[in-house]
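Here are some notes to read alongside the structure. Please go through them with the model open, one point at a time.

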Amino acid sequence: MYKDETIIAIIPARSGSKGIKDKNIYPINGRPLISYTIDAAKGSRYIDYVMVSTDSKSIADVARNCGADIPFMRPVELALDTSRTVDAIVSALSMLQNLDKSYDILVLLQPTSPLRTAEDIDKAIELFYQEGKKSLLSVSEVNENPVLMRRLNGNEAIPILNVSSTVRRQDFEKFYKVNGAIYINAIPEINENTSFNDNELGYVMDTSHCIDIDTLEDIREAEKNLR
């Protein structure tokens, strides 16, 4: 709870994964991937309830053993390769209301970001409230500056930014990317048209906390930083 408002963390973890089989429960340093996100959510000072949205009994069993709640299974039609996260979230919030469970604020935590910490979550929640409860997402600084990026139209190199690239690297403006680790929204404002990646505020995370697991190479990299 923060300023008398209740906060729910939802961790979306469907069963399908093309790149890595059973990615959300893939063992990293002897622990299932999803356990790191559950631990971070449960370690938050402000989150009141931690649930996992999944269509998989295996993921549900692992998540319960890690301390998360699974009050219901995600409908199969919301767990397809083409399914949108926002539709699963809207469904979960509606089903929770049917169970007389209602909350004020959603913290959406993807299990593929295992380096995100409870401290990151709490600082993001604090920023969300300090800035008047606008929607928020986590970002991290990019190394490849878009000043030097080009689109190719045939062989013509077209800058993606309408600025001069004749500038010293040390004078480059900083740019950030959405890293997918934390999203925060006021629940009354969430609907099927919500785009979490277009949330307004940016909480800057340390780049060392920002790996997004998609490949086995990502897992090997995460293993170096997780205990």
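1. Where is the place of T194? Bear in mind that this is a predicted model. T194 belongs to the loop that lies between β9 (176-186) and β10 (201-204).

2. Although T194 is in a loop, the residue is buried, because its relative accessible area is 15% and buried means under 20%. If neighbours within four places in sequence are left aside, the residues in contact with T194 are V86, N185 and E189. The side chain of T194 also reaches the backbone nitrogen of N191, at 2.9 Å.

3. Please turn next to helix α2, which covers residues 57-65. Its buried residues are I59, A60 and A63, and, seen down the axis of α2, these fall within an arc of 100 degrees, so they line one face of the helix. An α-helix has 3.6 residues a turn, so residues three or four places apart point the same way.

4. What do the buried residues of α2 pack against? Their partners are α1 (33-42) and β4 (49-53), whereas the face of α2 turned away from the buried side carries the exposed residues K57 and N65.

5. The surroundings of the helix ends deserve a look as well. At the N-terminal end of α2, S56 acts as a cap, with a side-chain oxygen lying 3.3 Å from the backbone nitrogen of S58. Just after α2 comes G67, which takes a positive phi of about 105 degrees.

Notes. Residues are numbered from 1 along each chain as its sequence is written. This is a predicted model: local features need pLDDT of at least 70, side-chain atom pairs count only at pLDDT 80 or more; totals for chains, interfaces and linings use all residues. Side-chain values use heavy atoms; hydrogens and water are left out. Helices (H or I, at least four residues) and strands (E, at least two) are DSSP runs, numbered from the N terminus. Buried means under 20% relative accessible area, exposed over 50%, partly exposed in between (1.4 Å probe, protein chains only). A polar contact is a pair of N or O atoms within 3.5 Å; within protein, one must be able to donate a hydrogen and the other to accept it, and residues adjacent in sequence count only if both atoms are side-chain atoms. Contact means heavy atoms within 4.5 Å. The arc is that of the directions from the helix axis to the C-beta atoms.
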